[in-house]
Amino acid sequence: MEHNGYQQYQEQAIFSMTQNELLLLLLNELIKRLGRCDLALTQKNYALLDESADRCLAIVRYLDDTLNHEFPISADLHRLYDYFYYELNRVKVGRNKGELDKIKPMLADLRDTFQQAAKNCEQSEQSERGNPQLPQAPNAQERNAYAER
């Protein structure tokens, strides 16, 4: 019964996330699974490698399938996701640590780029809503004028 409550909590947390948060969650999970692939190759634990690589492939395919092709950047992201999918298959089938070492930093950079874009969007939305800026600390002249009163 407790497990069901936890599962409902997790589902609710996911359903309440923004698209940006979901994207970052998926990319973080992908990077975590790549770390497991690296560990599995180091330890020659090929069952773990296959499991982790399959999960990575599923995440990349999901990211590709959910692209909105109304935007020009989607074509570039599609090619990038295809590249990652191809390289992840090479890691899995060829037990190729060199390919894994090549794509790990690329995926981390992609995640960081999306994270910065989400932050920029959030700041832009806040300024469009007219949120007041935080008050600035008084400069020296203002402090002196206040002290003289």
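# A tour from helix α3 to helix α5

Begin by selecting Y62, which is found in helix α3. Before going further, keep in mind that the structure on the screen is a predicted model. With a relative accessibility of 47%, Y62 counts as partly exposed, because that value falls between the 20% and 50% limits used for buried and exposed residues. Now add Y81 to the selection and display the C-alpha atoms of the two residues: Y62 and Y81 are 19 residues apart along the chain, and their C-alpha atoms are separated by 9.7 Å.

Stay in helix α3, which covers residues 46–65, and move to S52. Is S52 buried or exposed? S52 has a relative accessible area of 0%, so it is buried, the limit for that word being under 20%. To see what surrounds this residue, select R33, R36 and C37, which are in contact with S52 when its neighbours within four places in sequence are left aside.

The next stop is R61, together with the acidic residues that it meets. Side chains of opposite charge can pair when their charged atoms come close. Select R61 and D64 first, and show their side chains, which meet in a salt bridge with an N to O distance of 2.9 Å. Both R61 and D64 lie in helix α3, where they are 3 residues apart, or about one turn of the helix. The two partners differ in how they are covered: D64 is buried, with a relative accessible area of 6%, whereas R61 is partly exposed at 26%.

Keep R61 selected and add D82, since the side chains of R61 and D82 also meet in a salt bridge, here at 3.7 Å from N to O. This pair links distant parts of the chain, with R61 in helix α3 and D82 in helix α4 (residues 73–94), 21 residues apart. D82 counts as partly exposed, at 31% relative accessibility.

Which residues should be selected next to see a network of salt bridges? Choose D38, K97, D101 and K104, which are linked in such a network. Within this group, look at D101 and K97, whose side chains meet in a salt bridge of 3.4 Å, N to O. D101 and K97 are separated by about one helical turn, because they are 4 residues apart in helix α5. Both ends of this salt bridge can be checked on the surface: D101 is partly exposed, with a relative accessible area of 39%, and K97 likewise counts as partly exposed, at 32% relative accessibility. For the model as a whole, the count comes to 14 salt bridges, and the pairs visited on this tour include R61 with D64.

For the last stop, switch to a surface view and select E21, E122, E125 and E128, which gather in a patch of negative charge on the surface. Where does the largest share of this negative patch come from? Helix α5, which covers residues 97–128, supplies that share, with 3 residues. One residue to pick out is E122, whose place is in helix α5. With a relative accessible area of 48%, E122 is partly exposed, because its value lies between the limits of 20% and 50%.

Methods: Residues numbered from 1 in each chain as written. Predicted model: local features only at pLDDT ≥ 70, side-chain atom pairs only at ≥ 80, totals over all residues. Heavy atoms only, no water. Helix = DSSP H or I, 4+ residues; strand = E, 2+ residues; numbered from the N terminus. Buried < 20%, exposed > 50% of the residue type's maximum accessible area, 1.4 Å probe, protein only. Contact = heavy atoms within 4.5 Å. Patch = residues over 30% accessible without salt bridge, like charges linked within 9 Å, V, L, I, M, F, W, Y side chains within 5 Å. Areas by Shrake-Rupley, 256 points an atom, 1.4 Å probe, with all protein chains shown as cover. Salt bridge = Lys/Arg side-chain N within 4 Å of Asp/Glu carboxyl O. Lys, Arg positive; Asp, Glu negative; His and termini not counted. Charge placed at Lys NZ, Arg CZ, Asp CG, Glu CD.
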